[in-house]
Each structure stands twice: as structure tokens, then as C-alpha cells.
Amino acid sequence: MCCESKRRFLLLYATQKGQAKAIAEEIWQQAGAHGLEADMHCLSEMDKYNLETEKDPVVIVISTTGTGDPPDTARKFVKKIQDKTLPPDHFAHLQYGLLGLGDSEYMFFCNGGRTVDRRLQELGAQHFYDTGLADDCVGLELVVDPWIDGLWLALKEALQLQKEKEGMDSAVDAVSSSISTAPHAVHELQLSSEVQNLKLEDEGARASDILSQKLDDINLAAPARDTEPSLVHSVPPVSQSALNIPALPPEYIEVEFQDTRGENPHLSSLISEGATFEVPVTRAVQLTREDAIKTALLLELDIADAAFEYQPGDAFCVICPNNVSEVEELLHILGLSEKGDDFVCVKVKQGTKKKGASRPQHIPERSTIKFILTWCLEIRAIPKKAFLRGLVECASDAGEKRRLQELCSRQGASDYTHFIRDSNVCLLDLLHAFPSCKPSLSLLIEHLPKLQARSYSVSSSNLYQPGRLRFVFNVVEFPAGPSRPVPRKGVCTGWLAELVAPLLHPTKNSLDTKGESSSIGKISIFPRPNNAFHLPADPSVPFIMVGPGTGISPFIGFLQHRQKLREQHTDWEFGETWLFFGCRHQDRDYLFKQLQCFLENGTLTHLKVCFSRDSSTAEVAPPKYVQDVLRLCAKEVARILLKERGYFYVCGDKKHMADDVNDAVADILSMEMEADKLEAMKILAMLREAKRYLQDVWS
């Protein structure tokens, strides 16, 4: 179909880490095969589109960031449409379909998309296609793939109706004739994150955006006697299926080697969030015993010479590199071991078919290959299906090529989820598993996301320790497994642990340890203020803190700050403070035993601790988890929240703690108010809305 006869629709995206943009690009690529043309723009490019006058259907792909905020690239757009002076028919002419991306591990799932969707509806816009909400916790593709499949029929029907309204019935035939009759192209898709048993049927193959790969075209390398699937081996029905695989993404990056030398860019040039600061690490203490299940470290930074301001409860980000040995290994596999320090120029490939192609902002125009792999690309990222599709072309072995096709195909969706996504497989794991696969550096730049700075909660008070910033973290461990040949540590926590090894003192379990040294290097950080997770503005208001494990980190800063305020303002009235802390073993990972000091000087009025793995000889077993201790203090918790209008803070792991704490508080409110659970949950929702029930959680 020639370009002139294709029907247009507007495609908008708003992304924080690149996922929404990648999905929008996939829609743009597929549109041509359906006789359609997508006019694609980022929501932030408000000079390039105008929804007030838009007549064609609009497709929006939008992610969620933080605790439920729209991505940075959508903030101006959201602010504009939230103007309360806009009339309720402002967008009455607009037809749209919206795909929201989120993570159900967090409280406000897909809130970025929901916010835009709700406001467009309030302003009179109409859905031409049901909203899709994709969950990164279980796999975005479970909703994204069928949502895109159903989009084409919905778009064509919307365009056909539009033509009819314009009195151009004769022009409809060309579009109508191209409508697919595939059984899976259903318009009324009710899609949400709750989809658990989504059956992806592929009875009809899509047109030119997929490749039908016949089984007899390939010689499977895996022996027939293997009955269990794995990363490198499939079993029926996948191994015997014709495959529907994505279209090959167009190449758009070119890497040119240069003879000249120079200097790599400064790390601050990689960060778009604002000012960065290079600060020395002046102290490191291991808070856990050697036989603890996890290793927790406390680091202290000297920020006296930096214009770095923070409040207790804020977070900050550490700019970290990829693991040196992993970078060297990747260079070896790519055949670039001897060229790691060579400078390259990265630019857009001439004649690329990728719309609006540009060099990724996180990739310098000129730097060494090693710099790109060390500081710019998230080489630990779980490969997306589009990347797998690109890797297919880089494999020379027929069996490996077939398996990579399966893993990015519709038929192999379950295998992708189990062996790649859930197994946390990264590029290096794939290259070990498929040794004939030799990708180019340009392919990595095209598909690997930006290496993100890692966020940590501040564990100190600038009032208590001027010019110092402390934070606490567990060194993340990834054990070896069937899909991961070697164990690994977290990208940032592993790097920090190695960096501060010279500072760690033999008597690591005491904060009184002197671990001072001038030999340690500096790290680059930038602030990430928290707009809500702060101490109550009124010091007389009581508050409850729940922070098991390293979740206690921000509360140390709270208590330090409160202690200093008590010393400076003896005439002030201070509300009571409760801290609920838990860990596995009292003698191995009780991170801050000096909490007793806060209790003794009156800064902390109530300290409740529990130890989940310690055995007890008591007649009545002590509570194991913080949510159990909360229930034992039900009357006090209800009193503080309901009668004294106090605050409730939760910090730590969401899936295994914060949700259970939420349930416990709902039960407490229900019991103490003598109300049903639904009423208690409404009260809890009101506390959240009033920012009196606050969370700083991670998954």
C-alpha cells in the first residue's frame, strides 16, 4: 500500500526509563503493515501536536514513576489538562485509546496512565478502544501484546466511522478491505493488571510484521530425549510450532572507530536530573555479623564542601558503574578486548528506516567503548523481545537461532517469562547460553537501556551531624542458577562494598569503630528529595515508624533530628514516638543497637522489636514480624491515628512487609472502630490522602 493511501493516527508516548517509548516505536513499526501511518511524538513535544484540534484517533502509551507520578516527560501535559478552567466538553471531539504501564508492587499502580485517562474523560474525550494497564511485576507483554493486536481493528473502525461522518463513504472501502479477520483481533478487550491466565491464541498469522518460521526449516540442536524446557531448549508444542515473531527493528546507530585520543566525558554529563556532587566516603561499618544471611553496610559521606542539602526522609542517588570483570567479559565476547580504550563516534545511521532516530541521550557522541559499557548501558537489564529479535540475526548456529526466535515469539511467551524474565537473565547470560551469537556494539547501544543511578534513603540528620550524610544498604546477592552460570552481586551495592573494603574494621558490628581513611576514592551523587516522607511539621504530633531490616534507615535520621531539636528547644512540646523494628536474629543482624540510647534520653518513647528466626522457650511464642507486634499494640496505634491525628511511616520491602503492615493497620482500625473491613480501608485511604500514612518501599 502506498504511503499516500495510508490513514493517519496520532501516537503519543511518555516515558521515564524508555519502556513506553519502545512500545510506541513497536506500534509505529507495525502500523504500516495494517495500512496505517502513525504520527509519533513524545508528550513533552507539545509544539508538534495539538489535541485541541486533533481530528484523527489518538493512541497514548504512558508509564508511571515514583510512587504513582506521571513520567517527567508528561508533567507539562498533565499540568495543562488539569487546568480547572477547561470546560467539560474541551475534548469532546477527541477519540483515543490509552495503554498504561506500571508495577503492581507499588500502591498507585499505573497511576500515570490512570490520571491522564480519567482527566481526558472528564473533559469529554471518548474511548475508541479500551484502556490497557500492563504490569511490569508479572510481565508487561501479557497485556501489551494482545492490546496491540486488538488496536488495529479498533483504529480502522474509528477511522471508518470518521470517514462516514465526513460524508466520504466512498473512501472507506480501501481501509475496510484490509481489516484482518484473525480470531484474536477482538475489539472489546477488557485488559488489566489482574490478567492471570491470559491465553494467547495465534490461529491467524499477522501480515508483514511477523515472520512465520516453519519447524522443518530448522535443525534443532537439542537432543530429542530432553523432556524439560530450559533457556536453550524447547519442547512441544513450542518446538513444533510455526512461530509468530516480531518484525526486525530497524538499525539506526552507527559506531565509527577513531584514531585520535582524548578524555571521556565527565559523569555529570550523563545525568539529566540536575547537579551532581563528587564526595569522599569517609567511613564504612559492617552492621551485620559474618554469619548473617545478608550483609548490611553503613557508609558515611563527607558533604561539607558540597552544596548538597537534605532532610531526614529524603533519598539520594549514587552514580555507579557496571562490574569491571563483566565489562571485560563482554568486550571479549564482542571481539573488542584490544579496543576497549579506543575512542568511537556514535551517530545515527544514514538512511535508517527508524522514525525520528537520534543518538540516545545517555550515550556520548564521543568516548571509549569501555566507557560506554561501564557507565552508560545497563548490561544487567533483562533483554526485551525486540532485543532478542535482533540477536536472532547475530546467531550463526541454526538451533540457537531457532531458540532465540521461540523466546521472542508469541508461542514462546511462557518460556520468555520463565527462563528470561523471572530468572533475571541478562545479556551476558544469553551470550554464554548461545555462544554463536555475536552482536555488534551498535545493537547493544540500540537496545540496552540507560544505566540508572541507584537510589538510597538518607540515614542521618544534617542538624545532628553537619556536613555528613549516612546511608545503609544490604549487599544484594544473585545466586547462580540454571540460566545464570555464576553468582553476582548487585550492580551498585557490589561496587560500593568493593570500594569501601579498605575502610571496614575487624570489629565491624560497632558504630563506635574508627574506620577513617584518606585512601578511599570519591563517589558521584545527586539529591532526590522526598516531598512527603518527612517528620511532621508540628513536633507535638505523635508518630509511628515501622522499619524492619534496612527499612530502619530513614528513621535513624528522624530520631537524630528529633534528639537535636529536643536539645535546642527545651520549651517545645514533643509528641510520642514509636518504632517497630524487626530482623532475623538478635545477635546477627540487629542493625542499630544504639536505639536503646534514643530510648534512654527520651527521644524515642516506645521501641518494639522482634526476631523472626530466633527460637524461644517461652510458653507463649513472641511475635515474629512487625505486623504481629503492631496487632499487639492495636489500641495505641488506633489512638495515635484516630484520636491524636498522628502519622504512620513504613519503610522497607513492599511485597513481604509493607502490604502485611497495611493489612494489619486496616484490621486494627476495623477492630478498634468496631467497623467492617471496608470502612477501615476507607479510613486508611483517607490517611494516605492526607499524607499521614506514608511509605518508602521497594520491591
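What does the chain average in pLDDT, and what percentage of the residues score at least 70? The chain of this predicted model averages a pLDDT of 87, and 88% of the residues score at least 70; pLDDT is the predictor's confidence in each residue, from 0 to 100. Local features are reported only at pLDDT of at least 70 and side-chain atom pairs only at pLDDT 80 or more, whereas totals for chains, interfaces and linings use all residues. Residues are numbered from 1 along each chain as its sequence is written, and side-chain values use heavy atoms, with hydrogens and water left out.

The chain has 19 helices and 24 strands, taken as DSSP runs (helices H or I, at least four residues; strands E, at least two) and numbered from the N terminus. Among these elements, strand 20 has the highest mean pLDDT, 98, and strand 7 (residues 211-213) the lowest, 42. Over residues 169-225 pLDDT stays under 50, and the model has 96 contacts beyond four places in sequence for this segment, a contact being heavy atoms within 4.5 Å. Residues 506-518 also stay under 50, with 30 such contacts. Where pLDDT is low, the predicted coordinates should not be read in detail.

Of the 699 residues in the chain, 52% are buried (under 20% relative accessible area, with exposed meaning over 50% and partly exposed in between; 1.4 Å probe, protein chains only). Among contacts with a separation of 6 or more, 79% are between residues 24 or more positions apart.

The largest nonpolar core has 52 residues, where a core is a set of buried Ala, Val, Leu, Ile, Met, Phe, Trp, Tyr and Cys residues joined through side-chain atoms within 4.5 Å. Leu 330, Leu 373, Leu 377, Leu 388, Leu 391 and Leu 444 have the most contacts inside this core. Helix 7 (residues 369-376) contributes the largest share, five residues. A separate core of 31 residues includes Tyr 13, Ile 148, Ala 154 and Leu 159.

Helix 8 (residues 385-392) is mostly covered, with seven of its eight residues buried: Lys 385, Phe 387, Leu 388, Arg 389, Gly 390, Leu 391 and Val 392. Beyond four places in sequence, Leu 388 touches Pro 383, Leu 404, Leu 407, Cys 408, Tyr 416, Ile 420 and Leu 430. The charged end of Lys 385 sits over the ring of Tyr 416, 5.3 Å from its centre; this arrangement requires NZ of Lys or CZ of Arg within 6 Å of the ring centre and within 35 degrees of the ring normal. Lys 339 lies over the face of Phe 257 at 4.8 Å from the ring centre.

Asp 415, in helix 10 (residues 413-421), is buried, with a relative accessible area of 10%. Its side chain is joined to that of Arg 403 by a polar contact of 3.0 Å (N or O atoms within 3.5 Å; within protein, one must be able to donate a hydrogen and the other to accept it, and residues adjacent in sequence count only if both atoms are side-chain atoms). Leaving aside neighbours within four places in sequence, the contacts of Asp 415 are Ser 234, Val 238, Arg 403, Leu 407 and Ile 420.

A second buried acidic residue is Glu 54, at 8% relative accessibility, in the loop between strand 2 (36-42) and strand 3 (58-62). The side chains of Glu 54 and Arg 8 are joined by a polar contact of 2.7 Å. Outside its neighbours within four places in sequence, Glu 54 is in contact with Arg 8, Leu 10, His 93 and Leu 94. The C-alpha atoms of Glu 54 and Gln 95, 41 residues apart along the chain, are separated by 9.1 Å.

Rings of Phe, Tyr and Trp (its six-membered ring) pair if their centres lie within 6.5 Å, with planes under 30 degrees apart counted as stacked, over 60 as edge-to-face and the rest as tilted. By this rule there are 22 aromatic pairs. Phe 533 and Phe 558 form a tilted pair, 5.9 Å centre to centre with 35 degrees between the planes. The pair links distant parts of the chain, 25 residues apart: Phe 533 is in the loop between strand 19 (522-528) and strand 20 (543-546), and Phe 558 is in helix 14 (residues 553-568). Phe 533 is buried at 1% relative accessible area, and Phe 558 is buried at 0%. The rings of Phe 648 and Tyr 693 have centres 5.0 Å apart and planes at 5 degrees, so this pair is stacked. Phe 648 in strand 23 (residues 647-653) and Tyr 693 in strand 24 (residues 693-698) are 45 residues apart, and both are buried. Ring pairs also link Phe 533, Phe 543, Phe 555, Phe 558, Tyr 647 and Tyr 649 into a cluster.
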